[in-house]
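Let's take a look at the empty space inside this protein. Have the structure open as you read, and follow along residue by residue.

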Amino acid sequence: MFFDKFFSFLGKDLAMDLGTANTLLYTPSEGIVLNEPSVVAIETRTGNLVAVGKEAKEFLGRTPERIRAIRPMKDGVIADFEVTKEMIAYFIRKVVTGFRLAKPRINICVPSGITQVEKRAVLESAHQAGARHVRLVEEPMAAAIGAGLPIEEPVGNMVVDIGGGTTEVAVISLSAIAYSESVRVAGDELNEAIQRYVQEEFKLLIGENMAEQIKLRLGSACPLPEPLTMEVAGKNMVAGTPATVEITDSHIREAIKDPVATIVQAVRTALEKTPPELVTDIASRGLLLAGGGSLLRGLDQLVAQETELHVMLDDDPLTTVVRGTGKTLEHARHYRQVFIN
């Protein structure tokens, strides 16, 4: 007990949102201290790290044969154990400086549909990366806590957390998840849909980073009051030469309509399977949208239209989950019921 308090005083405890697209770290003393892409570039012959995070993301699609840029997280869970371990260790070292003997306690959020094998992989990678104690919190629960919803009360709180790899829909009551729906369609699937559409419609090959830029600049779930356009550069599929085309927001709405429909259907399915008393609570209270994917223009309007519910968008959807995980770190005794390990 003394050592736990001593290490906490040194500010070594961390909350982590280990996401498919981005990893965020939070400390009780400083708040959010790291927000980096979940990307690692390694030397193929030696396995040595070349770059991690923002720098490594710039390597995607641009590496020579001797370097490989990897996204070790897929669909919200670990796809490459060794690389994930190295990435977590790098981020911990970047944040926890000075007194290296003080291994941090880490609370990590995970998808609600995580399997026992996937859960074990997260625990082992965090321990091997240098954590002395690891607790897991489900992402929708962390989002609800981060947004300040009254999770302890006997009322239904609905959270829709749209990340990079998964969309988590959950109904929370009495500090537990009463029903959850997890679909492995989220921000990454939107990027891939844009790549496919540009390839099919314009015969233009574009990379992952360009697809993400297009999504951020033009992406919308509903028609916009003012049309948007963007010059997109890529490689002509026929000639193999550089080419540029002009793309509009209506093109991108068409490109992403299927994954967006899947996300909306996950919300409808969750409502259909939730007990009537809790649905009544949700009808009067509304549902919360969180996660980076919820920033897609007009998505809140579309969900409200399809569900006939009031939809709230968190003030800072990108950090809702890590802020909630941070609260479980700061008030571990109060939130002891939300840990799943």
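## What the cavity wall is made of

By class, the lining of the largest cavity comes to 4 nonpolar, 3 polar and 5 charged residues. Keep in mind that this is a predicted model.

If you want to pick the lining residues out on screen, they are Ala21, Asn22, Pro37, Val39, Lys57, Leu60, Arg71, Asp188, Asn191, Glu208, Asn209 and Glu212. Helices α6 (187–202) and α7 (208–218) each put at least two residues into that lining. Of the elements, α7 chips in the most, with 3 residues.

## How much room there is

How many cavities of 30 Å³ or more does the structure hold? Just 1 turns up at that cut-off. The largest cavity has about 90 Å³ of space in it.

## Over to the open pocket

Now for the largest pocket, which holds about 660 Å³ of space. Its lining takes in 33 residues, and those nearest the centre are Asn22, Gly163, Gly292, Gly293 and Leu318. You've met Asn22 already, as part of the cavity lining.

Which elements each supply at least two residues of this pocket's lining? They are the strands β1 (14–18), β2 (22–27) and β11 (157–162), along with α6 and α7. Here α6 has the largest share, at 4 residues, while in the largest cavity that role goes to α7.

Sorted by class, the pocket lining has 15 polar, 11 nonpolar and 7 charged residues.

How values were computed: Residues are numbered from 1 along each chain as its sequence is written. This is a predicted model: local features need pLDDT of at least 70, side-chain atom pairs count only at pLDDT 80 or more; totals for chains, interfaces and linings use all residues. Side-chain values use heavy atoms; hydrogens and water are left out. On a 1 Å grid over the protein atoms alone, a cavity is a set of points where a 1.4 Å probe fits but cannot get out, and a pocket is an open set with protein on both sides within 12 Å along at least five of seven lines; lining residues have an atom within 4 Å of a point. Grid points are joined across faces, edges and corners, and a volume is the space filled by probe spheres set on the points. Ala, Val, Leu, Ile, Met, Phe, Trp, Tyr, Cys and Pro count as nonpolar, Asp, Glu, Lys and Arg as charged, and the others, Gly among them, as polar.
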